[in-house]
Amino acid sequence: MSRNEMSVPRSVQEAVHACAVRATQGSAALARASDVEIDTALRAMAERLLTARDVVTAANQDDLRSAASNGMSAALQDRLRLTGPRFEDMAAALRTLADVPHEPRDSVLEERPDGLVLLERRRPVGVIGANFEARPNVTLDVASQFLKSRNGGVLRTGSAALRSSQALVTHVITPALTDAGLNPDAIQLVPSEDRAAAHALVSLPETVPLVILRGSGDSTRELGREAARHGVRTLAHADGGGVLYVARDADEKLVHELVVSSLDRLGVCNRLNLLLIDRAVHDKLLPGILKTLEDLGIAASLPPHAHARGYEWSLDSEHAATVTIDEADGPVQAARIANEETSGLAAAIATHDPDTADRFMDAYGGSGVFWNSTTRLLDGFKLLRLPETGINIDRVPGPRGPVTYRDLYLRQYVVRPAASLRR
């Protein structure tokens, strides 16, 4: 038994296991549910969210007061806060997901000359876990994706957002599932504030074989290693930070617009983190960029840097309002820096030259690459018009970038007589 496993209190392990058992029992009804029942539950969640706004807001205010008294940074408090517009956005996301056509259960791959047909069948995983940061909206994002994919879920959030998430489960998710005739046990929220609950969640391969890890930094990396020790698969990214390369022909006004739009929120992984300016135009463009950053209240970290070039500022609560700036000798070197010295989450190029753009985009191997647009688009709802369970940046085959309900299934090959399809 590993040291980390030994450190999980028995009461916490039992609480997480109990959630997994209830979710397993509840998920059976989801696998049998009709498309109409699933979408009815999603629309009911949207309606319940708005009618329960006052009680959810009260819980969120309690979380915010505790967070402020515990010294949480302004950037992280922004992630925690639920506002009127965010309630509306959350409800709209649920309605949008309900309107998206369901993926077909079976897809024909080949009608074979021997009279057989090869199908690819989508099957639910069963129960999927999710460990996420103090962002209450993620509670609904993840729960709705699990529901749309007909998977049960065990959700675990940090103590800072636990009251908000509990209110969302109690007053929104559970009654919406009940209203639609589905088993409300399918979606469980771990009630423990103990951080050890996250380690317990990634130690149950028989009941929770897949866990979405949302968040960044050492804790996510450690959870990924712990999951691997137990044979649990994860979809995750431990590090983020967007890169913007300004090519020598870039329009200065566009550059300033991209900088502003990339820094609308500082506590998110796809914000601007590293700004690379082509050496040929560095001295010309730097003053204007510095003025734009100053107007935003953002500090610039200029060479020589006392930190790694890809240092992720969103994880530094005291210096989140910072962007690293450096030079690059052309698009290929800029892409190399982004590949080798950052997380590989997302990078963008500002240029009007298609050849320059192609050289950068062909050379960059991260999960998202953007031409004259912001890396903030690497978000499920912004990029795919769907909420996301998280972002995965693995460099192996599998879902990459924003992970949505379309990725949360098992592939099964089915061979049957072709004539049986025409009955």
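Where is P304 found? I looked this up first and found P304 in the loop between strand 10 (299-301) and strand 11 (322-328). I note here that the model is predicted.

**Entry: a cis bond**

I checked the peptide bond that joins P303 and P304, and it is cis. Its omega is about -5°.

**Entry: positive phi**

I then looked up backbone angles in residues other than glycine. N372 has a phi near 55°, which is a positive value. I placed N372 in the loop between strand 13 (368-371) and helix 15 (380-384). Its relative accessibility is 25%, and N372 counts as partly exposed because exposed needs over 50% and buried needs under 20%.

R385 also has a positive phi, near 65°. I found R385 in the loop between helix 15 and strand 14 (390-392). Is R385 buried or exposed? R385 counts as exposed, at 60% relative accessibility.

**Entry: aromatic pairs**

How many aromatic pairs does the structure hold? I found three. One of them is formed by Y311 and W313, and this pair is edge-to-face. The ring centres are 4.7 Å apart, with 75° between the planes. I classed the pair as edge-to-face because the angle of 75° is over the cut-off of 60 degrees. I looked up the exposure of both residues. Y311 is partly exposed, with a relative accessible area of 31%, whereas W313 counts as buried at 8%.

Another pair is made by F360 and Y364, and this one is stacked. I noted 6.3 Å from centre to centre and 10° between the planes. Here the reasoning is that planes under 30 degrees apart count as stacked, so the 10° of F360 and Y364 fits that class. F360 counts as buried at 0% relative accessibility. Y364 is buried too, with a relative accessible area of 5%.

Which residues do ring pairs link into a cluster? I wrote down Y245, F360 and Y364.

**Entry: charges over rings**

I looked for charged side chains placed over rings. R122 lies over the face of Y409, at 3.8 Å from the ring centre. The charged end of K148 sits over the ring of Y405, and I noted 5.9 Å from the centre of that ring.

**Entry: Y405**

I followed Y405 further. Y405 has its place in the loop between strand 15 (401-403) and strand 16 (409-417). It is buried, with a relative accessible area of 3%. What is Y405 in contact with, leaving aside its neighbours within four places in sequence? I listed L97, V100, P101, E103, R122, Q145, K148, S149 and L386. For S149 I also looked up the spacing: S149 and Y405 are 256 residues apart along the chain, and their C-alpha atoms are separated by 5.1 Å.

**Entry: helix 6 and helix 7**

Two packed helices are described by the angle between their axes and the distance between the axes. I looked up both values for helix 6 (residues 84-99) and helix 7 (residues 136-148). Their axes come within 11 Å and cross at roughly 10°. The two helices are therefore roughly parallel to each other.

Which residues of helix 6 and helix 7 meet? From helix 6 I noted M90, L94, L97 and A98. From helix 7 I noted N137, L140, S144, Q145 and K148. The residues of this contact divide into five nonpolar, three polar and one charged.

**Entry: A250**

I found A250 in the loop between strand 8 (242-246) and helix 11 (252-261). At 13% relative accessibility, A250 counts as buried. Not counting residues up to four places away in sequence, A250 touches V255, A350 and T351. I looked up the distance for A350: A250 and A350 are 100 residues apart in sequence and 5.5 Å apart in space, C-alpha to C-alpha.

**Entry: K291**

Last, I looked up K291, which is found in helix 12 (residues 282-296). K291 is partly exposed, with a relative accessible area of 44%. How far apart in space are K291 and L109? I noted 56 Å, C-alpha to C-alpha, for two residues that are 182 residues apart in sequence.

Notes: Residues numbered from 1 in each chain as written. Predicted model: local features only at pLDDT ≥ 70, side-chain atom pairs only at ≥ 80, totals over all residues. Heavy atoms only, no water. Phe/Tyr/Trp six-rings, centres within 6.5 Å; stacked < 30°, edge-to-face > 60°. Buried < 20%, exposed > 50% of the residue type's maximum accessible area, 1.4 Å probe, protein only. Lys NZ or Arg CZ within 6 Å of the ring centre and 35° of its normal. Axes fitted to C-alpha atoms, helices over the stretch in contact; angles between N-to-C directions. Helix = DSSP H or I, 4+ residues; strand = E, 2+ residues; numbered from the N terminus. Parallel < 35°, antiparallel > 145°, perpendicular 65-115°, else oblique. Contact = heavy atoms within 4.5 Å. Nonpolar A, V, L, I, M, F, W, Y, C, P; charged D, E, K, R; others polar.
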